[in-house]
Amino acid sequence: QVRLRESGPGLVKPSQTLSLSCAASGRTFTRNVISWFRRAPGKEREYVAGINWTGGSTYYADSMKGRSTISKDNAVNTVYLQMDGLTPEDTATYYCAAALSPPHFTWVKAYTDWGQGTQVTVSS
């Protein structure tokens, strides 16, 4: 089992940059991919970005390309997500999740471990 814990600022102003962290513990060596998802109020869960824990390859949802950066620090078992140019439409609960070897980064069913989520509100 892998335990994931998200952390973030909670409230961010429009146009600012969001920085989120996902700290992994437990049997992290059994998972190859860490991804970020989000769920906005009244909307379905949405894929944001993912990273391969060992190789470092990344994948971004089309809507996130150019404004998001996912990175990792293996030394502290942490994955980071940075998003620029926030708007109120980015208000959501952000989750990180881990998968062993998904057929594709966005293959939700492959993610076996989920964090509790961190609420992000974009408001002035």
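**A cavity, a strand and a buried serine**

Good morning. The structure holds 1 cavity of 30 Å³ or more. Please bear in mind throughout that this is a predicted model.

I begin with the cavity. Rolling a probe the size of a water molecule over the atoms shows where empty space is left. In the largest cavity, that space comes to about 40 Å³. Which residues line the largest cavity? They are Val2, Ala24, Thr28, Arg31, Ile34, Trp53 and Ala98. By class, the lining consists of 5 nonpolar residues, 1 polar residue and 1 charged residue.

I turn next to strand β11, which covers residues 118–122. In a regular strand the side chains alternate between the two faces of the sheet. Strand β11 shows such an alternation: Thr118, Val120 and Val122 point to one face and are buried, whereas Gln119 and Thr121 point to the other face and are not buried.

How do the partner strands run relative to β11? Strand β2, residues 11–12, runs parallel to β11 and is joined to it by 2 bridges. Here valine 12 has valine 122 as its bridge partner. Strand β9, residues 92–99, runs antiparallel to β11, with 3 bridges between them. In this pairing, alanine 92 is partnered by valine 120 of β11. Both valines, Val120 and Val122, belong to the buried face described a moment ago.

Finally, I would draw your attention to serine 68, which lies in strand β7, residues 68–73. Is this residue buried or exposed? Serine 68 counts as buried because its relative accessibility is 7%, which is under the 20% limit. Leaving aside residues up to four places away in sequence, serine 68 touches Tyr60, Leu81, Gln82 and Met83.

Notes: Residues are numbered from 1 along each chain as its sequence is written. This is a predicted model: local features need pLDDT of at least 70, side-chain atom pairs count only at pLDDT 80 or more; totals for chains, interfaces and linings use all residues. Side-chain values use heavy atoms; hydrogens and water are left out. On a 1 Å grid over the protein atoms alone, a cavity is a set of points where a 1.4 Å probe fits but cannot get out, and a pocket is an open set with protein on both sides within 12 Å along at least five of seven lines; lining residues have an atom within 4 Å of a point. Grid points are joined across faces, edges and corners, and a volume is the space filled by probe spheres set on the points. Ala, Val, Leu, Ile, Met, Phe, Trp, Tyr, Cys and Pro count as nonpolar, Asp, Glu, Lys and Arg as charged, and the others, Gly among them, as polar. Buried means under 20% relative accessible area, exposed over 50%, partly exposed in between (1.4 Å probe, protein chains only). Helices (H or I, at least four residues) and strands (E, at least two) are DSSP runs, numbered from the N terminus. Two strands pair if DSSP finds at least two bridges between them. Contact means heavy atoms within 4.5 Å.
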